[in-house]
Amino acid sequence: MKKIILCIAAVITLAAFFAGCKNPQTPPPQGGNSTPTQITITVAGDGNVEFNSQTRSFKVDKNKTWADVKKHAEALIKYKTGFEHSEWKLNGASGKVIARTYTFATDTTVYAVSKQIVSPSNPAPNPLPQEPQKITITVAGDEHATPKTEHTFEVVPGTKWDEIKLLANDKIGYTDGYENKTWKFNNNSGEVIPDAHQFNENTTVYAESQQITAPPPAQVTITVAGDTQVTHKRTESTFKVDKGETWVHAKELAANKITYADGYENDTWKLTDGLGQDIPDNHQFNTDTTVYAVSKKIAITISVAGDENVVFKNSDDRTFTAYYGDTWSALQSQSEGKINYNAGYENAAWKLNNASGDVIAADYRFTTNATVYAESKRKTITITVAGDSHTRIVTAGDANKLKRDYGVTWSEIKTEAGNKILGHDENYTFSAWKLNSDGTGTEIEPTQKFTTDTTVYAISKRTHVILTIRGDANIIVPNPDTYTVAYDSSWGDNKADVEDLLHYQDGYKLKGWKRNGSDGPDLGDSYRFKNDTLIYALSKPDKVKITVQGDEHIQIKPAPNNEFTADDGAKWETIEAEAISKITGYNNPRRRLSRWAIDNANGRGIYDDTTFEEDTVVYAVSEALPPAPVSEGVKVDGATITGKNPSCPLPSATNDWKGVFPADRNVILSSYTIGRHEVTVEIWDIVYKWAKDNGYTFEFDEDYYYGENSEHHPITNVSWQNCIVWCNAYTELTYGTTEHCVYRENSAANSKALKDANNADDAHFDQSKKGFRLPTEAEWEYAARYQDNATNAEQYGSVYLTNLNSASGATKPIGFEGMAGSPNFTGLCTETARVAVFNKYYNGTDFVEQPTPVTGLSDVGKKAPNKLGLFDMSGNASEWCWDRYSTTLSSGLVTDPTGSASSADTKRVLRGGNWSLSDQPENEKAVYDCMTGKRDNDSSHKSYDVVGFRLVWKE
């Protein structure tokens, strides 16, 4: 029963204890099974962490993760200016970084680690480890537990009670016969301090005593010793602990007995002395023992930072380890070893922390982690102004030394440098600034940057030089024989003036110039005079001999008649004609002059601008002409046509229907050959392609499409201008020379053959030439109307000519509106269609298609020829004639007339009509133009798809 009562009493006592006044720091008792178990999270941090209030802990449900807990911890703290959050660790600065998934199962301290904020003016990339904040534990007690004079001590936040309980107890003196019963928070009413409690704020621990009722436990004496850096705080260097006590509980009590020399801290504790074993936390003291404090120098971290012109050698290496008390003079070289500076910059000062910090003195002692900040400045360099031996520079008081920032450009200091020049020797002036004292090298560019101490040199030049003139026996030099020119001027600048001073022996002229004498180097226009110089004139004859030779196909006049003289320097274009005059002919008529060369066929080519300054052989090279297409012609004997007014009816009474043999006009025609056919596309193309490659120019649409199988159609879409140039080309291709070309550039005796269609309107018609040409209008009409009897013809003197209202070679007229009587229009159409290509005819009522419609040009020669054997003189394609068109014809007796001579008459004659006038607005009466008397005309530069031409030439 007694035991039961004692047990009940104990329970009541414990219940009363737990029901007492509760300390705010004491975790609340656990509730029933329905309430989750809670734990306390205490927040601590390094020296840059500040708390928003006195609250430094909070409660959370057991087994919460850091992801859930973190926001509560962050709400309690803030960071000092210039610092920000880096990471959270468990228990203290040396703890592990807390992962998001970390689960809290017991009361825990979370530790905030800061880092310096990085900015352009404060680029400190690595956070500095900070000394943890400490809190003060104040020891109090009841009337039998009196605190000693030194009854406070500091601990790191998060320190557990069972680690410092002995230290706290050492701060109390107990009344004899009393001992510690328990420890409470704050005072006698506080709660009992559990061994696992962690201290995170300044706290008072209260010793509650009790009478000693039982023999005290056995104790052992712990003596505290240490190395030379360890000093005892007082003479007392021992303390007692219960036998079996562990080192983890006694360690703080031992540490409180000693202090360390400035710059030192505890490294480890050993048993007995410095050679003893390290003391583990669970070591039990069962005998009197000496614990030995081993010290170490306090290590600190120095971080290097700098402004925008500071460049780290290794961006990941910006810190180094130093020791408490190290001076800046000892650490500066290590700091400088971490950095370089941008080009043109150097160190201005080292400061503490950042650009706003104090300049670090050489004897400054570092006692904590620190940032040293490199502040830069522009380098200063010296530009020394000097000059060559002819230039005087001001030097008194180093006036010629310019102090400037690193990287200054020449354009920024050039004017000031020039101000240091006092003057030059006689006949010398400033020339250029250079970096070499001897004047070599290029001039200093305006953009030249100076990055080291440099000397710039003012280089002088002479203001003028003297030229002494000499020459060979054919040169008459001036008297005096000297000429003054500007220094550094070129021979090209002075040559004309010097040459005006020379005279020459008869028959000679200047050949060239040498320097220093007749055997010296050539004196070129670009040569520049920097010293007095002798110049030497060479002469040469003022005429050159040109000797003409040629290949085996070319006949040349025999020597010396194959030679001629020309002015020295003459161009080929001025003497080519005389060279050609030495050619008498060719061994083969199918050969012609191709080109000229110097000396032989393989020599350098001769061109219009080739100049001749020495005796030269010009060599004529021939080439074989390609085969010329053959045009079949009909010889027309000369005749006299006595003009008359026509008796046949015509569609109109105007003169343009009456041809060129009217009354009162008698025409004598010389014999000629006229093409049996109109010129075809095939023949045109052969000649045209050759002509383009041999100097002929046309205004011809090469892309015009003539249709499938059109090579035997008459060529059309050619202007009168193109036709006459083509005739000349055909003549040259056929005869191998332009000698027989009819159309010349002008009427001069030696005028060149016309080769450019752009100049055709001014061409001269040389009737004495036998080459190909256009017929005159009289030639064309005579050939078209020629008849050997009176069938459908009228007599013009001794010759019969087809009626003007008929197609060439037809025996009946062309039907037209208003014809008298009752003509058989179908029969008339049939007869016209026998000799002419046309599309519509007049049927007595209207113009209608023929039974077999005509839709375009026809191959030449498909219709019946006229009496001379000529095809297509009417219809198919209209034909250009040479003559200028005029409504008024010359009267009286005329021989081989060529049309109007008036420049006011600009259009050229067209005859013969065409198949449809398809190039013009709809004209159903196109067949009318097939009448042999119908005259037409158009501008010489125009071309149509129904207009071609026919050739005339002399046999």
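## Cysteines without partners

The sulfur of Cys 723 lies 6.7 Å from the closest cysteine sulfur, that of Cys 727, which is too far for a bond. Please keep in mind that this is a predicted model. Cys 723 is also buried, with a relative accessible area of 0%.

Cys 741 tells a similar story. The closest cysteine sulfur to its own is again in Cys 727, here at 9.7 Å, so a bond is ruled out by distance. Cys 741 counts as buried too, at 0% relative accessibility. A disulfide would need two cysteine sulfur atoms within 2.5 Å, and by this rule the count comes to 0 disulfides.

## A four-stranded open sheet

Let us turn to one of the sheets. This open sheet has 4 strands in the order 19-17-24-22, and its pairing is mixed. Strand 19 (238-242) and strand 22 (264-271) are at the edges; each has a single partner strand, so one side of each lacks a neighbour in the sheet. On average, neighbouring strands here are turned by 30° against each other, direction ignored.

What joins strand 17 to strand 19? Strand 17, residues 219-226, pairs with strand 19 in the antiparallel sense over 5 bridges. Within strand 17's stretch of sequence, Val 220 stands opposite Val 241 of strand 19. As general background, the strands of a sheet pair through backbone hydrogen bonds, either parallel or antiparallel.

## Strand 25 and its two partners

Is strand 25 largely enclosed or left open by the rest of the structure? Strand 25 (residues 299-306) is largely enclosed, because 7 of its 8 residues are buried.

Strand 25 has an antiparallel partner in strand 27 (residues 319-323), joined to it by 5 bridges. Ile 300 has Ala 322 of strand 27 as its bridge partner. Strand 25 also runs parallel to strand 32 (residues 370-378), again with 5 bridges between them. There, Ile 302 stands opposite Ala 370 of strand 32.

## Two nonpolar cores

The largest nonpolar core holds 49 residues, and Ile 641, Phe 661, Tyr 782 and Phe 838 have the most contacts inside it. Both helices and strands give two or more residues to this core, among them helix 11 (777-785), helix 12 (825-835), strand 56 (639-642) and strand 57 (665-669).

Ile 641 is a good residue to look at here. Leaving out residues up to four places away in sequence, Ile 641 touches residues including Phe 661, Val 667, Leu 669, Tyr 782, Val 799 and Leu 801. A second, separate core of 47 residues includes Val 687, Val 725, Leu 754 and Val 946.

## A buried glutamate

Glu 879 sits in strand 66 (residues 878-884). With a relative accessible area of 1%, Glu 879 is buried. Which side chain makes a polar contact with that of Glu 879? The contact is with the side chain of Trp 780, at 2.9 Å.

Beyond its neighbours within four places in sequence, Glu 879 is in contact with several charged residues and others, including Glu 678, Asp 872, Arg 911 and Arg 950, as well as Met 873, Val 909, Leu 910 and Phe 949.

## An exposed leucine

Leu 893 belongs to strand 67 (residues 892-895) and, at 59% relative accessibility, counts as exposed. Setting aside residues up to four places away in sequence, Leu 893 touches Asn 666 and Ile 668. The C-alpha atom of Leu 893 is separated by 101 Å from that of Ala 386, and the two residues are 507 residues apart along the chain.

Methods:
Residues numbered from 1 in each chain as written. Predicted model: local features only at pLDDT ≥ 70, side-chain atom pairs only at ≥ 80, totals over all residues. Heavy atoms only, no water. Pairing = 2+ DSSP bridges. Axes fitted to C-alpha atoms, helices over the stretch in contact; angles between N-to-C directions. Buried < 20%, exposed > 50% of the residue type's maximum accessible area, 1.4 Å probe, protein only. Polar contact = N/O pair within 3.5 Å; in protein donor to acceptor, adjacent residues only side chain to side chain. Contact = heavy atoms within 4.5 Å. Core = buried A, V, L, I, M, F, W, Y, C linked by side-chain atoms within 4.5 Å.
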